[in-house]
Amino acid sequence: MLTACSGQSDVHDTRFLMGTLVEFTVSDSDQAVAEQAITAAAAEMQRIEDTFTIYGDLPNAVKAFNRSPVNMPVSLPDEVSRVLAVALHVQQQSGGAFDPALGGMNLLWGFSSDPPPDSPPAAAAIEQALPPAHCIERHGSQWLRTDSRCLLDFGGIAKGYAIDRGIALLKEHGIANAIINAGGDLRLIGEHHHQPWKIGIRHPRKPGEVITSLALQGDKSIVTSGDYERFFIYNNIQYHHILNPVTGWPATQYQSVTVIAPTAMLADAWSTALFIASSSVLPATLSVMRVGRDGKTVGTLQ
Ligand code: ADP
Ligand code: MG
């Protein structure tokens, strides 16, 4: 779906990746170069989805790790090791709010499964499936899981990493001004016809409306985690896909959390972490805005 008419117009393309519509916008570039760059970026993002997903039939190292015997060290591809190390660092910095070992819980809730769920699991099943904190350990260049309930799930970080890799591919193709927007999670580079890019942050309760707008340029990543993204309502209670690792139940403090960070991977992980954690753990390189359960906004994005 290309809508550019001259070399200086925007080139737009939309692909279905990582369970969401991903919009590519390239500005002030030759159209053929932009199209080639977007195709390469989309292929790279698909490769990352296939590498990290725990869903579907395609075998990968993450799924194999999740079946590995408890306490047996296993090698993971370098790329998976690197992202896992970042995930564990965010887990540590966020006081355990971010937890990449909730795969069993996420499968039990089923928010990423087809068909999506319409009622919560039994409380006893949640209690049984809840892994102990810090159940993934590094042993030299290898990794092991200390508990059979401990299943890796990169659902809170892989989309951001994929966006970063997509932007890297665009840059390799000589693109200087672009946005990759994966359903509201985005990274932008450069500017838009010599002006800052205009970014709207979705209102968590008013579909189609924005809660704030930003003018950004250079290299910025903005990611929002919301309770409206994947949810069901059961007995008048809204259940959504971001789980408190301590309880195994959806976190209830916020409607949405938006983070600006140097990379989309960090913005992704931290928007999930800060959906659960208190702001006292916030690293200085991030800015955050949260919409509470009462609809009140706390924090400013810069
Ligand atoms: P989205 O994928 O909708 O953009 P998030 O980035 O906030 O949303 O990630 C939510 C996903 O992260 C869930 O679908 C699940 O796979 C995983 N997840 C849920 N709770 C946690 C948590 N406490 N820490 C890390 N990952 C989580
Ligand atoms: Mg996230």
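**A hairpin, its neighbours and a magnesium site**

In this predicted model, Met18 has a positive phi near 55° in the hairpin of β1 and β2, where two residues lie between the strands.

Visitor: Nice, a hairpin. How many bridges join β1 to β2, and do they run parallel or antiparallel?
Guide: Strand β1 (residues 11-17) and β2 run antiparallel, with seven bridges joining them.

Visitor: And what is the bridge partner of His12 in β2?
Guide: That would be Thr25.

Visitor: Which other strand is joined to β2?
Guide: Strand β6 (residues 178-182) is joined to β2 by five bridges, and these two run antiparallel. Phe24 stands opposite Ile180 in β6.

Visitor: How many residues of β2 are buried, then?
Guide: Five of the seven residues in β2 (residues 20-26) are buried, so the strand is mostly covered.

Visitor: Switching topic: what coordinates the magnesium ion (ligand 2)?
Guide: Its donors are Gly156 through O, Asp268 through both O and OD, and Thr272 through OG1, at 2.0 to 2.6 Å.

Visitor: How are those donors spaced along the chain?
Guide: They follow G-x111-D-x3-T.

Visitor: Why are Asp268 and Thr272 about one helical turn apart?
Guide: Because they are four residues apart in helix α7 (residues 264-273).

Visitor: Are those two buried or exposed?
Guide: Asp268 is buried, at a relative accessible area of 4%. Thr272 has 14% and is buried too, because the cut-off for buried is under 20%.

Key: Residues are numbered from 1 along each chain as its sequence is written. Chains are lettered from A and ligands numbered from 1 in the order in which they are written. This is a predicted model: local features need pLDDT of at least 70, side-chain atom pairs count only at pLDDT 80 or more; totals for chains, interfaces and linings use all residues. Side-chain values use heavy atoms; hydrogens and water are left out. Donors are N, O and S atoms within 2.8 Å of the metal (3.2 Å for Na, K and Ca); water is not among the atoms, so sites may look incomplete. Buried means under 20% relative accessible area, exposed over 50%, partly exposed in between (1.4 Å probe, protein chains only). Two strands pair if DSSP finds at least two bridges between them.
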